[in-house]
Structures are given as C-alpha cells and as structure tokens.
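Please open the structure in your viewer and keep the selection tool at hand. The tour moves from one selection to the next and says what to look for at each stop.

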Amino acid sequence: MPLKSDNPEAPGSASWNGRFSITITLATAISLLVLVSVGSVLGVGVWLAGKNTLALMGQNANQGIANAVDRLEQHLRPAEDQARFIARRIEKGEIDPEDRAAFGRLLTGALAGVRQIEAVSFFDRRLVALTAARRDGDDIEVHEADLSRDPQIRRHRPMLADDPQWAAPIWRDEHGKTFFNLVHPVRRDGRPIGAVVAIVSIRELSAFVRRTGRADSGTRFILYGRDRVLAHPTMARGYPGLSVANPLPRLSDFRDPVLAAMWDGDERFDLLIELAQGTNGHGVRVGGEDYVFMYRRLHGYGPKPLMVGGYFRVADIGTEMRRMIVAIVVGISALLLAILAAVLLGRRIARPIVRFSAAAGQVRNLNIGEVGDLPGSVFRELDQQANSFNAMLRALRWFELYIPRKVVERLVKRGEIDDTMSSAREITVMFTDIAGFSTVSENLSAPEVAAVVNRHFEIVAGCIEAEDGTVDKFIGDSVMAFWGAPDAQVDAAERACRAALAIADGIRAENARRRSKGEALLGIRIGIHTGSATVGNIGSPGRVNYTIIGDTVNVGARLEQLGKTLYPEGSETAILISGATASGLGPDFDPTAAGKHRVKGRAGEVEVFRLGG
C-alpha cells in the first residue's frame with residue numbers, strides 16, 4: 001500500500017495542502033481581525049454607555065425621591081416644632097391657657113411664622129378650643145368654640161394621645177376642606193390637661209407638591225396608605241366629592257388616570273435601573289404609554305404610612321436611550337462595512353504578510369498605541385494591504401481617544417469601572433479677588449507685589465483650611481476653593497460662610513496693620529455658591545488635577561464679580577452668596593437679601609444675599 005495517494009486531489013497529498021486560496025485566507029483573517037478588535041471595542045463601549053445611562057437614570061431617580069421626602073419632612077416639621085413649643089410653655093407654666101388674650105397672642109405669633117400651618121388650636125379637657133386661623137390670606141383670627149358635642153372631635157379625643165402624633169386626615173363641613181393634624185398632648189404633673197393641634201390643609205399640602213415638582217418632567221404625589229391620595233397638584237384648589245366618610249380621594253377612581261392605574265397588575269412591569277435602599281419602583285402601561293413610578297414609604301405621619309413619590313412618562317426621558325441605540329446601529333453598520341471592506345481587500349492581497357500578522361496581533365490585544373504604520377511596498381498587492389491596514393489603524397486610534405485603552409482593558413478583564421473616575425457631587429464653591437489690586441500694585445516693585453499677594457493668600461488660605469475647605473487654585477490675585485469634596489460635608493455651606501467671615505476679619509486686621517505703616521489698604525470680594533458639580537481627576541493623560549467643573553463654579557465666580565456692582569466702591573469687604581447657599585445656613589447666620597440678578601453665562605436670575613456687615 002502506498003504511503004501517499006496517487007490522486008493529486010486527495011486530502012492527504014502534498015499538492016492538496018498547497019491549494020488553499022491565500023486571498024480567501026487573508027480576507028477571512030482580516031475580517032476576523034476587524035470583528036475581534038473593532039467589535040470588542042464597540043461592544044465594551046456600548047456596554048459601558050448602557051450601564052452608565054441606566055446608572056445615571058437610577059441616580060437621578062433616587063435623588064429625586066430623596067429630595068421629595070426631604071422637602072416634605074422639612075415642610076411638615078414646623079408644625080411639629082410649633083406644637084411642641086406651645087405645649088412646653090403650657091407645661092412649664094410660662095403661659096396660662098385661661099388667659100385668653102395672652103394665649104391668643106401666643107397662638108397668633110406661632111401661626112404667623114409658619115406659612116404651611118393653616119390653624120393652631122388648644123383643646124382643654126372639656127373640648128373647648130381656642131384657635132388661631134388664617135382668614136383671607138395673611139389675616140389671622142382668634143376664636144373660641146365648644147366642640148364637646150362635635151362627633152369627630154369626641155371620637156379622636158386629641159388630649160388622650162400618649163405622644164405627639166399625626167392624626168388621620170379629617171373632613172370639616174364648616175370649612176369645606178380636609179385637614180391633616182399634628183396632635184401634641186399637654187400634661188402637667190403627669191396628668192393630661194389638653195392638647196395643642198397644628199392643622200395643615202390638604203389643599204396647601206397639594207399646592208406645596210405642585211410647587212416643588214414644577215422642575216420635574218413628571219408628576220409628584222403623596223398617598224395615604226396605598227389606596228388614598230393625600231396630595232396631588234390637581235388637589236391644590238380642592239377636590240369634589242369629599243366628605244366626613246371619605247376625607248381623601250380613592251386612588252382607584254382618582255381624576256389622574258395614570259396615578260389611578262398605579263397598582264394595575266395586568267399592565268405592570270419591573271424596572272432595569274437600580275434604586276436606592278428604601279426606594280421602590282415599577283412601570284405601568286396606561287393608554288398605550290409606558291410610565292415609571294418611584295416612591296418611598298414614610299412612617300410617623302399618621303396611622304398609615306405616607307407614600308411619597310412621582311411618576312413620569314418613559315418617552316419623556318428616552319433621549320439618552322435613543323442616543324445609545326443610534327450609537328449601536330451606527331457602530332454595527334460601521335463594523336459590517338469594515339468586514340465587507342476587509343473581504344474585498346483580501347482578494348487583492350498576496351504573500352508574505354509576517355509583518356502584517358504581527359501588527360494584527362497587537363490590534364487584537366488592543367495594544368493600538370504600540371502599533372506603527374506598515375511601510376509601503378514595491379509590490380502593488382502588498383502596498384494596497386499596507387494602505388488598507390493603516391487606514392483601519394487610524395480609525396481605531398480616533399476611537400481610542402474617546403474610550404481609553406486602559407479603561408477598555410480593565411472592563412474586558414474585570415467587567416467593572418475604575419473607582420477613580422469623576423462623579424457629580426453637591427459642593428459649595430468660593431471665589432475671592434483683591435479689589436483694586438492693579439491700582440495698589442502699580443507703584444510697587446516686583447518683590448513688593450509678590451510679598452503683598454503672598455501675605456493675602458496666607459490669610460485667605462488659612463481661613464479656608466481652618467474650615468476644612470480645599471484650595472483649588474490661585475489665579476493671579478484670586479483664590480478658588482470648595483467644600484463637599486473629596487469628603488462629603490453636610491454643612492459645606494456653613495463652613496464656606498464661616499471661612500468668608502473669617503477672611504473679612506483677617507483683611508480688616510491686615511488693613512489696620514497697613515494703615516499704621518502708611519501703606520495702601522486692600523479690599524476683597526468674595527462669591528459663594530452651592531450646587532452640583534463634576535468632581536474628580538480632570539486633565540490630560542500627562543497632567544491631572546483633582547478639581548471641580550460645571551455651572552456651579554461659573555456662578556460662584558460671577559457672584560464675586562457682582563460684588564463690584566452691589567457694594568460701594570472702596571468697600572473693605574464684599575461678600576455675596578447665592579440663595580442655594582443661604583438655604584443651607586443655620587440660625588447663626590444672618591444674610592441680607594440683595595435681590596435677584598442675572599449673571600453672565602447663566603440663563604435666568606440668581607437670588608443673591610449679602611453676608612456680614
């Protein structure tokens with residue numbers, strides 16, 4: 001038996017092994033190369049974009065619900081505080097409820113300072129109530145009424161509560177409204193003597209929900225339990241059909257058909273976004289449209305938990321998702337075209353391709369930066385091969401600019417994003433500038449100018465660092481600093497304002513020293529703003545800074561410049577803070593309103609306050 005077949009077409013013959021088409025072989029290799037290299041980069045890019053899009057949607061949703069819960073608690077807390085204040089004054093004997101005139105003034109004062117409370121009452125053991133209530137806007141009327149025969153009052157018996165608590169909502173025919181009441185029992189020597197009741201109107205609570213939800217793309221709401229609507233924008237002017245038996249609208253037949261379908265099991269679907277602990281959510285199809293509900297249960301506001309949430313139409317938030325889908329379609333189309341081009345080019349390729357194969361291996365391993373252009377060749381086929389590969393390589397290099405190779409490698413190997421990437425944070429930024437520095441420095445030598453600036457920076461930086469602030473950079477005779485990063489600081493606004501006041505004191509002391517030596521005095525302008533900014537390592541691959549960027553930084557800088565307009569020329573200190581910063585200050589600060597002003601680079605007006613003298 002022969003060792004080889006005599007048939008030259010037999011698979012075991014030597015001639016068979018040399019009959020594979022090099023054109024087909026190289027075309028296939030190039031196609032696989034494009035598929036592996038471009039496909040892997042494209043796949044990781046799409047996966048990363050999808051994950052980031054969903055993460056951003058989840059983050060925004062969680063922040064929105066947390067903000068709604070926080071604002072509701074802040075809205076209702078004054079009712080608890082005022083009721084507790086009045087109850088303790090009675091318990092300590094500082095005020096006698098029997099002194100109707102003095103006690104009426106106390107109730108009027110308590111009501112005047114808290115806009116969200118419609119009335120405040122004191123019930124004695126006989127169920128005789130002295131009430132201060134709003135009438136026709138800002139007018140407050142005090143009246144006394146015997147409610148011992150009122151069936152609703154007798155049923156609730158407010159003074160018998162063990163602890164301060166929110167009662168179930170009740171409808172009052174004489175007012176034509178439903179009220180949400182905070183009951184604070186009053187005891188003396190361990191015995192109940194009455195109760196203070198802070199009364200919140202459901203209409204006012206709905207108006208509050210409407211105001212706070214204007215900036216949202218969806219609709220906010222508050223449910224009482226699962227089946228009653230406590231607050232909704234449409235209830236701000238009242239709601240028909242309410243009564244003693246039904247003080248709140250039923251969810252199932254509520255006027256808002258989307259909210260009414262919230263628990264519709266047949267059209268319900270789960271969400272892909274990750275929600276924070278305590279936040280729940282699901283989707284519901286209503287009238288052919290998909291809506292997303294997100295909500296959080298809030299206990300301690302009555303016998304049933306409140307459900308604070310909001311819903312929005314998926315189509316209204318689909319911009320990012322549509323962009324991602326377009327990117328996927330374009331990427332796949334580009335990949336298919338690249339494969340098609342590789343097949344066409346492969347028909348014109350000839351041997352040898354050792355250098356090409358080595359370079360292709362580097363691309364396959366995503367070492368695009370280490371691959372050099374293939375040199376040309378005197379042979380037409382090899383020259384065409386080099387030109388085609390170099391064109392693909394340049395395209396991949398451009399792609400690598402938008403998705404860094406190191407990030408792609410980590411994602412391919414680990415499947416996770418590097419923790420050092422930048423993120424959005426709530427920060428407070430400060431800008432300072434020496435007022436009239438050009439005039440002061442024009443008669444000084446270079447060393448003298450440097451000494452003045454260095455001394456000034458020593459004062460400013462020392463005050464900032466004393467409040468745990470971060471000095472970002474020195475810009476000429478200006479300083480940029482921020483609070484809230486890298487470590488979160490819940491009192492960032494107060495820290496920044498304390499630092500600003502300390503800087504003002506330091507400048508005054510420095511001017512006193514300069515005045516004693518006959519030197520020119522220096523003034524300072526300070527601008528402070530609080531808001532969201534991008535925080536992290538920002539810069540080029542060769543130079544990275546931990547800094548903040550965004551609109552919040554721009555507003556802080558513009559507030560500092562606005563000091564030129566709002567303070568008289570020659571002012572020693574000019575400190576301006578935004579309304580966002582002022583809202584984060586405690587009672588130790590006393591900012592003065594300076595009106596709303598337009599700042600360069602920002603649409604709309606910014607509420608501005610003066611700080612300090």
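Begin by selecting Arg100, which counts as partly exposed because its relative accessibility is 22%, where partly exposed is the range between buried, under 20% relative accessible area, and exposed, over 50%, computed with a 1.4 Å probe on protein chains only. Add Glu144, which at 46% relative accessibility also counts as partly exposed. The side chains of Arg100 and Glu144 meet in a salt bridge with an N to O distance of 3.1 Å, a salt bridge being a side-chain nitrogen of Lys or Arg within 4 Å of a carboxyl oxygen of Asp or Glu. This pair links distant parts of the chain, since Arg100 belongs to helix H3 (residues 100-112) and Glu144 to strand S3 (residues 139-146), 44 residues apart. Helices (H or I, at least four residues) and strands (E, at least two) are DSSP runs, numbered from the N terminus.

Before going further, note that this is a predicted model, in which local features need pLDDT of at least 70 and side-chain atom pairs count only at pLDDT 80 or more, while totals for chains, interfaces and linings use all residues. Residues are numbered from 1 along each chain as its sequence is written, and side-chain values use heavy atoms, with hydrogens and water left out.

Now select the whole of H3. Its end C-alpha atoms are 18 Å apart, which agrees with the 18 Å that its 13 residues should span at 1.5 Å a residue, the expected span being 1.5 Å times one less than the number of residues. Which residues of H3 are buried? They are Ala102, Phe103, Gly104, Leu106, Leu107, Ala110 and Leu111.

Continue along the chain to Glu118, and select Lys177 with it, because their side chains meet in a salt bridge of 2.8 Å, N to O. Lys177 lies in strand S6 (residues 177-188) and Glu118 in the loop between H3 and strand S1 (119-124), so the pair ties together parts that are 59 residues apart in sequence. Lys177 and Glu118 are both buried.

The next selection is S1 itself, where six of the six residues are buried, so the strand is largely enclosed by the rest of the structure. Both of its faces are covered, with Ala119, Ser121 and Phe123 buried on one side and Val120, Phe122 and Asp124 on the other. Strand S7 (residues 191-201) runs antiparallel to S1 and is joined to it by six bridges, two strands being counted as paired if DSSP finds at least two bridges between them. Within S7, Val196 is the bridge partner of Phe122. Strand S2 (residues 128-135) is also antiparallel to S1, with five bridges between them, and there Ala129 is the bridge partner of Phe123. The hairpin of S1 and S2 has three residues between the strands, and Leu127 takes a positive phi near 65°.

Turn next to an open sheet of six strands in the order S9-S8-S13-S12-S11-S10, with antiparallel pairing. Its edge strands are S9 (228-231) and S10 (268-269), each of which pairs on one side only. At one edge, three bridges join S9 to the antiparallel strand S8 (residues 219-224), and Tyr224 stands opposite Arg228. At the other edge, S10 is joined by two bridges to the antiparallel strand S11 (residues 279-286), with Phe269 opposite Gly283. Eight bridges then join S11 to strand S12 (residues 289-298), again antiparallel, and in this pairing Asn280 stands opposite Tyr295. S11 and S12 form a hairpin with two residues between them, and Gly287 in the turn has a positive phi of about 60°.

For the last close view, select Asp505 and Arg508, whose side chains meet in a salt bridge of 2.8 Å, N to O. Both lie in helix H13 (residues 492-516), three residues apart, about one turn of the helix. An α-helix has 3.6 residues a turn, so residues three or four places apart point the same way. Asp505 counts as partly exposed at 48% relative accessibility, and so does Arg508 at 33%. Also select Arg455, Glu458, Glu510 and Arg513, which are linked in a network of salt bridges.

Finally, show the whole structure, in which a search finds 21 salt bridges. The protein chain has 15 helices and 21 strands, and buried residues make up 45% of its 613 residues.
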